Every structure is written in structure tokens, then in C-alpha cells.
Amino acid sequence: MSVKTFNNKELDNQSISINVSEESKQFTLLHEINTILTSSLNLKDTLSRLFDTLDENMNLKKAVLTLTNPYTSELRIEVAYGITEKELHHASFENWKKINEEVLSTEKAKIVEMLDDKDPLLGESEKSVEESFICLPLTLGKEKIGTLSIKTLFENRETLYQNVRLLSIVTLMLSQEVKLKRLMETEKAVLRSENIKLKDELTKKYNIHNMIGKSSEMYHVYENIKQVANSTATVLIRGESGTGKELVSHAIHYNSSRKDSVFIRINCGAIPESLIESELFGYEKGAFTDAHHQKIGKFEASSNGTIFLDEIGELSPAMQVKLLRVLQEKEVTRIGGIQPIKVNLRVITATNKDLETAVKNNEFREDLYYRLNVFPIFIPSLRERKADIVLLAEHFLEKYSKENEKNINRISSKAIDLLTNYHWPGNVRELENCMERCVIVCDSKTIQASHLPPTLQKNEIEITVSDKNLSFQEIVQNFEAELIKDALKNTNGNKAKAARYLKTTQRIIGYKIKQYNIEGDFQEE
Ligand SMILES: Nc1ncnc2c1ncn2[C@@H]1O[C@H](COP(=O)(O)OP(=O)(O)O)[C@@H](O)[C@H]1O
Ligand SMILES: [Mg+2]
């Protein structure tokens, strides 16, 4: 018996005479192995295909690939090829494992040209067969990745060393593949856990309990969301712009059994007429001049999830017909496609348009209107639920203070008056923008009236003027007093600064303060 150990360099230097046809055969084999290694992302699949190919080409009888656990450095069998369960527990296999450990720790290949009858590596059934044993380390730079060991029929020394040389190239390729696949698996695991975290966050964010508003009108909306979430009924969300229609559509999705699947929003008013069909239905390659690839439409992509068609009132008559068909047939046909595709849809739509008038004017199909209006949810405008204004303002104050790293935690009563009396044509969205601006301009702990945008301040004057029971002189005096109070508040009661603020003299300010008896009530805090 001849047992030899080689380091990598020595393996390369083994003078092996390979004839040309043998060399081209090996080259083809290496190419095939490379294709196998890069064909699948699953390491176990790749390895068993690799061993099949080696078996066909070098009469490999049994093979073991061990890999070190990157965290514990423990050597573990990844694939055992041609080895029965019984053989895995045979004493000879323990010896096999020991050799693997030794080869990896010394980083030197071990070759037994022919195992003799008493070799501890021989299993029960192998005693009379002429076998060679090859064990090679898998390393990459300083990193010890694992080992590849095989038992093969001994033909002659030349073939044996040709095989050794070929296997030493295979181990190098394997080392790189293992490392790459491990990196990808780690990355995949990180992405997966991030994905779960994000989904969790979305579910929390769009929980009904996170929607702000305690008015009876909003409780009605929450009830509607709960009732309809778990059905597949088409929902039509109505309400002025900025009332929270999109938020409600999210809440429906994230409270439904489809929450782990996709939520896709399409703004029907924002996509040009020429594109909306391909956006919604997709197309087959070659369906039109620019269709170089097949494209999956949003209906298909949202199957099993939720599709939210925002601003549905803007849909063209041609698309209205197509949408109606999808809702009725529950299938879509890609542009240029022949076969319709079944889709499991949950459709939510929203509009701020008066659809009933649009139907009367023949701008919106009546049959589609009835299809969409199965479960309407009306979100009242903000001025119809004044009770929610302060709650929402405080919510946005907290949100934007945090975002801007400011410590603002109060809204002055004067500012609250202005906020509640304003008519909010842009609803919650306008209130949110207003509070964000307040946080940016505020440099104290309290939002004062003066921090509010000019549109709300103007409102204050309108209130004063609109009081019909007052004389002209009284209105002017009230307005003057309010201006001075506001200036004093903004300057923390400093009369000189207030005078400068109003571009007048301190003497006039002093006189007016006495006249209107406003001394003492100018400080809010
Ligand atoms: N009840 C609410 N609680 C908290 N934020 C809200 C509420 N309603 C609306 N918003 C916020 O106001 C903004 C506008 O809401 P959105 O759903 O886009 O309105 P719409 O789709 O009706 O125009 C969004 O930033 C949304 O998060
Ligand atoms: Mg919207």
C-alpha cells in the first residue's frame, strides 16, 4: 500500500502524462462540472448532481463532502454519496471522518493508492475490491471550507493521479461556490427577516387603532373597515381629497386575510390613457412595437392580494368597459395574449368625484358604478368632524417633532381656536402639512397662533369682521386689541419688541394696552 500526502503545489507538480484526447475529455468534464455548480442556488442539489457526473467519468464508488460550520468551525457531512445508512454507522466510516479532520487541519491531501485488506477505511463489503482513497481539503485563502473525499476503483497509477489532479481543480471550484452560496444564503436570510419586520411594521401602521379620530363619524368608518376587511367584496371609498381614503384602503388590506400578500395601488388619474391598459393588463412579447419582453399587469400581479384603484372617477370610458369585464369574469388577458388568466382579486376603489352626477352625465358607466358600489365607505370632511382636529393636530405635532428632533409638546389655546375654526378645504392632508410647517418655524415648546400659516391667521380676522352685531368702531377696536395681544404673546410680553413687531411706537402700544385693558392676559404660559 502506498499512502501519500501532498500540499496544493505538490499536487500541481505531480508529473502526469496526459494524452491529448484524455486532456480534452477532462476539459469537457470540468466545463460540465462548472455548469452544474452554477446552475442551482441549492447546494445539496448541486452536489448530488456533481457526484453523479463524477461517477460517470471516474468510476467513483463512494464520496463524502464535509463542510465546516462557519460559526462553530465544526466539520459536518454535507453530502454522503453512494453510502448506505448502515455504512454511515460502521466503524470504518469513523476512520473516514477522522481522515477528513486531519486533512483539513493540515491542509494536505491524503491519497491511498490501493487500500489493503486490513485498512481501517474498508467497510464490510469492500474487502475484496481494489480501491483507492482520495481526500482533498477545500480551502479559500486562509479559510478552511471543508473536504472532499472519495473511494474509487483502482485501475492504474496514471489514471489515479489524473483523477487526483482533476479533483483538485474541482475542490477549488467547489470552495468558491460554497462560499458564494453561503454569502447568498446569509443575505437571503437577512432580507427575509427584514421583509418580515417591514410587513409587521406595515400591519401595525395600518391597524385601525393607529388611525386618529374619536368622532362618531370616524367610529362609523372603523366599523365599516372591520365589517368588509375579510370579505372579497369590492369597496368604494368616498370622500374629499385628503380625508384619508388611501389610509382606509391600506387598513382594509392589512386587516384582511390577504395581508401577507401584495397591496398594489394604481392612480387612475395619474397614468396617461395610452399606458393604463398595459399597466393593468400587461402584454405579451411582440404585442406592439416596443413590447420587447413580456410584462405582467397589475391585476395579475395583485392576484391573492389587494389592488387599490385610486381616483376611479378618472378612468376613461374604454377602460371602464375593460374593468367591468375583469370584475365579472375574474380573469384578464394580456395585450396580444390569447389565453385569459384566472385572477383572485380583491378590488378597492376610491374617488372624490360625484360619481352619481358622472353617471347622469354619461361620463361613468352605470353598470360599473353598481359593480363598484357594493360596499361604499364615506369618509366625512374634516370640518364635519371638528372634534378630531385637535387629536390629529397633536398626533402630527408629535410625529414631526420627533422627525425634526424638536421638543414641542403643546399647542396654545389660541392656536387651537384657529385650527378648529378653519374650514380645512384640504382636510387631514392640509392639517398634516400645516403642523409640519409649525414644527419647523417654532423655536419654543409651544405652538403659538403666530406659527400657523397665514391662511389660518386670515381666518381670525374674518371671524371678527363677520360678527354682525358689532358697530364698525367696535370691530376695528377688537381687531386692534387682537393684533396687540398677538404681538405681546409673540414677544413674551415685551412692549418694546411688540411695538417694533407692529411697526409702531412703544407709547402708542402702552396707551392701547390701558385702553383695551389687556395688560396681564397676554402671556399664555
Ligand atoms: N384618521 C387619520 N389618522 C391619521 N392620519 C391620517 C388620517 N386620515 C388621513 N391621514 C393622513 O393624511 C394624509 C392624507 O391621507 P390620504 O389617505 O392620502 O387621503 P386621500 O387619499 O383621501 O386624499 C396622509 O398622510 C394620511 O396618513
Ligand atoms: Mg388619495
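## Ligand 1 and its surroundings

A residue is near a molecule if its C-beta atom, placed from the backbone, lies within 6 Å of it. In this predicted model, 14 residues surround ligand 1. The closest of these are Ile212, Gly244, Lys245, Glu246 and Val428. Two elements, helix 8 (245–254) and helix 16, give two or more residues to the shell around the ligand.

By class, the shell around ligand 1 has six polar, four nonpolar and four charged residues.

## Domains

The chain is divided into three parts: domain 1 (3–184), domain 2 (208–380) and domain 3 (390–516). The C-alpha centres of domain 1 and domain 3 are 81 Å apart.

Where does ligand 1 lie with respect to domain 2 and domain 3? Both domains give residues to the shell around the ligand, so ligand 1 lies between them.

## Helix 7 and helix 8

Helix 8, which gives residues to the shell around ligand 1, also packs with helix 7 (residues 216–229), and the two axes come within 9 Å. Their crossing angle is roughly 40°, and helix 7 and helix 8 are therefore oblique to each other. Helix 7 passes helix 8 in a right-handed crossing.

On the helix 7 side, the contact is made by Val221, Ile225, Val228 and Ala229; on the helix 8 side, by Val248, Ala251 and Ile252. Seven nonpolar residues make up this contact, with no polar and no charged residues.

## Helix 14 and helix 16

Helix 16 (residues 427–441) meets helix 14 (residues 387–403), with axes that come within 9 Å and cross at roughly 45°. That angle makes helix 14 oblique to helix 16. The crossing in which helix 14 passes helix 16 is right-handed.

Helix 14 brings Ile389, Leu392, Ala393, Phe396, Leu397, Tyr400 and Ser401 to the contact, and helix 16 brings Val428, Leu431, Glu432, Met435, Glu436 and Val439. The residues of this contact divide into 10 nonpolar, two charged and one polar. Val428 of helix 16 thus has a place in two parts of this description: Val428 is in the contact with helix 14, and Val428 is also among the closest residues to ligand 1.

## Helix 14 and helix 15

Helix 14 has a contact with helix 15 (residues 413–421) as well; here the axes come within 9 Å and cross at roughly 120°. What does this angle make of the pair: parallel, antiparallel, perpendicular or oblique? Angles of 65 to 115 degrees count as roughly perpendicular and those over 145 as roughly antiparallel; helix 14 and helix 15 are therefore oblique to each other. Their crossing is right-handed.

Ile389, Val390 and Ala393 of helix 14 make the contact with Ile416, Leu419 and Thr420 of helix 15. Five of these residues are nonpolar and one is polar, while no charged residue takes part. Ile389 and Ala393 of helix 14 appear in the contact with helix 15 and also in the contact with helix 16.

How values were computed: Residues numbered from 1 in each chain as written. Chains lettered and ligands numbered in written order. Predicted model: local features only at pLDDT ≥ 70, side-chain atom pairs only at ≥ 80, totals over all residues. Axes fitted to C-alpha atoms, helices over the stretch in contact; angles between N-to-C directions. Helix = DSSP H or I, 4+ residues; strand = E, 2+ residues; numbered from the N terminus. Parallel < 35°, antiparallel > 145°, perpendicular 65-115°, else oblique. Left-handed = near helix turned anticlockwise from the far one by under 90°. Contact = placed C-beta atoms within 7 Å. Nonpolar A, V, L, I, M, F, W, Y, C, P; charged D, E, K, R; others polar. Domains from an automatic or database assignment.
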